[in-house]
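Here is a quick tour for anyone meeting this structure for the first time. Keep the 3D view open while you read.

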Amino acid sequence: MIVEDDEALGREAAECISRWGSTVHRLYRPDDAALRRRLQQPVDGIAMVTRDDIVALRYALLAEHLRPGIRLVVTLFDRTVADEVSRTIPNCSVLSITDTIVPSLLASCLDPRYAVLQTTGSGVVGVPRQGSPAAVEHVSRRSLTAAPKPRPRAGVTTWFRSLDISAQALVAGFTGLLLALALDILLGVSVLHEHGYDALWNAARALTTIGSSPAAEHGPAWYKVLSALSMLAVLALAALFTAGLVDQLTGRRMTSILGARSIPRRDHVIVVGLGQVGLRLCAQLRDLGIKVVAVERNPQAGCVPLARSRAIPVVLGRGGDRFLLNRLGVRRARALAAVGSDGLENIAVAVTTRAVAPRQRIVLRAGGDEVTADSQSLFRIGAVCDVTGIVGASVAASVLGTTPLSVFLTERHTCALFPDEQVIDLGTWDAGHHRQTGPAGGDTEEGTEVTDGVPVRP
């Protein structure tokens with residue numbers, strides 16, 4: 001039985017279960033009474049298919065209360081909630097939607113030759129996109145880290161443009177003050193004939209508005225004019241530097257001028273949309289040694305503090321803004337991944353990126369909807385990750401008692417990768433192998449529920 005609030009996802013999971021020889025019954029947003037009535041009939045297992053973790057948790061606890069010990073499969077995003085559900089309900093299998101999607105996104109971002117890149121205890125395994133879907137390769141982290149092609153080097157100007165306004169003010173003010181100090185020292189030595197240490201002392205006094213060199217009163221007229229202009233410039237530069245410094249110290253900084261949270265300038269991955277999927281993708285890329293920067297338009301998003309604690313640079317803004325993309329160095333990036341929850345917004349980001357950087361690799365999170373399919377047919381948006389197809393097949397496999405590491409799509413196959421590094425072509429599995437042997441080699445159960453092919457609305 002499938003309890004759902006996402007019709008597309010529930011429909012995909014139900015179709016997979018039906019093709020594999022079992023029967024399924026769907027309930028769309030049932031209330032307590034409807035779920036109670038349905039569980040009075042024979043049920044082998046229940047899958048909670050929803051994009052809302054709280055709704056999934058509530059249905060799981062209610063089902064466990066009504067039918068203690070029944071096999072449960074719950075789709076969750078948040079790992080904290082998933083760990084708590086696994087601890088509280090031992091007979092519940094938690095399917096992390098995030099962990100299910102990220103391996104396919106990771107492969108598209110780093111090496112499109114692979115359909116999936118799955119991190120395991122022994123390293124990283126990949127399944128080639130072309131050829132036999134049963135082939136599994138061990139991929140070295142060094143090969144993933146290496147840049148696929150040479151890109152133009154980023155200079156100081158590019159670094160300065162990547163900073164936010166307050167950081168630019170701080171850097172500009174500090175640089176200007178240093179130049180003013182050097183100019184005063186040079187003039188003190190060459191014009192006023194001071195020793196180096198005296199020139200430094202007098203220049204520092206002038207810079208901090210304490211006083212000027214006594215010899216300056218007897219200097220030439222042009223020197224006095226130049227010195228006056230320098231002092232006026234120092235006054236403006238000091239104000240600029242102070243404003244930038246105060247904002248850097250008191251503001252909620254998502255990026256830094258230098259260090260781990262600075263915006264990378266070359267061979268990095270831009271992740272647009274810092275939800276659970278975006279955060280997990282950024283973390284996986286950082287763990288593999290890939291530079292990454294995240295873009296989020298909502299400063300109150302729940303994953304923003306988590307990204308900050310993991311030293312992931314986050315830029316607040318709209319991913320479809322071409323000026324922001326230029327600031328992030330989209331032309332020198334390895335890839336851009338639009339992984340927000342809004343499919344139309346992801347398409348807008350992809351279109352803008354294609355206009356700014358026509359040859360850039362673009363990875364698109366989509367739900368298998370008609371809008372994405374129609375847009376893809378008009379022009380090549382990028383590598384599309386079908387979340388509905390991947391998660392739906394994962395839910396179907398899990399509710400039937402198997403535990404794939406990940407489900408992924410190749411050009412002609414829907415496949416599942418299992419912990420023993422076995423790859424099963426689910427198209428072959430549909431042909432009748434499920435009744436005899438599951439993908440892990442064990443016996444599988446056949447359901448007894450009846451389906452009418454559409455969700456039942458209480």
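Tyr 223, Ser 227, Ser 230, Val 234, Gly 244 and Gln 248 are the buried residues of helix H10 in this predicted model. Who are their packing partners? Those buried residues sit against H8 and helix H9, which covers 196-207. As for H10 itself, it runs over residues 221-250. It counts 30 residues and spans 44 Å from first C-alpha to last, close to the 44 Å you'd expect at 1.5 Å a residue.

Now have a look at H8, which takes in 165-190. Two of its residues make a nice pair to set side by side: Leu 186 is found in this helix, and so is Gly 188.

| Residue | Relative accessible area | Status |
|---|---|---|
| Leu 186 | 54% | exposed |
| Gly 188 | 2% | buried |

Why does Leu 186 count as exposed? Its relative accessibility is 54%, and the cut-off for exposed is over 50%. Gly 188, at 2%, counts as buried because its value falls under 20%.

What does Gly 188 touch, once its neighbours within four places in sequence are left aside? The contacts are His 193, Glu 194 and Ala 199. There is also a link to H10 to trace: Gly 188 and Tyr 223 are 35 residues apart in sequence, and their C-alpha atoms are 9.9 Å apart in space.

Back to Leu 186, which has company on the outside. Together with Leu 183, Trp 222 and Leu 226, it forms a nonpolar patch on the surface, with about 370 Å² of accessible area in total. H8 and H10 each supply at least two residues of that patch.

Next, the inside. The largest nonpolar core has 64 residues, and Leu 117, Leu 274, Leu 281 and Leu 285 are the ones with the most contacts inside it. Another core lies apart from it, with 22 residues, including Val 3, Ala 56, Tyr 59 and Leu 76. If you zoom in on Leu 117 and skip its neighbours within four places in sequence, you'll find it in contact with several residues, among them Pro 103, Leu 110, Val 125 and Leu 144.

Finally, zoom out to the whole protein chain. It has 17 helices and 17 strands, and 50% of its 458 residues count as buried. Among contacts with a separation of 6 or more, 60% are between residues 24 or more positions apart. The accessible surface comes to about 21600 Å², and carbon and sulfur atoms account for 57% of it.

Methods
Residues are numbered from 1 along each chain as its sequence is written. This is a predicted model: local features need pLDDT of at least 70, side-chain atom pairs count only at pLDDT 80 or more; totals for chains, interfaces and linings use all residues. Side-chain values use heavy atoms; hydrogens and water are left out. Helices (H or I, at least four residues) and strands (E, at least two) are DSSP runs, numbered from the N terminus. Buried means under 20% relative accessible area, exposed over 50%, partly exposed in between (1.4 Å probe, protein chains only). Contact means heavy atoms within 4.5 Å. Accessible areas come from the Shrake-Rupley method with a 1.4 Å probe; for residues, only the protein chains shown count as cover. Patches are made of residues with over 30% relative accessible area and no salt bridge: like charges are joined within 9 Å, nonpolar side chains (Val, Leu, Ile, Met, Phe, Trp, Tyr) within 5 Å. A salt bridge is a side-chain nitrogen of Lys or Arg within 4 Å of a carboxyl oxygen of Asp or Glu. The expected span of a helix is 1.5 Å times one less than its number of residues. A nonpolar core is a set of buried Ala, Val, Leu, Ile, Met, Phe, Trp, Tyr and Cys residues joined through side-chain atoms within 4.5 Å.
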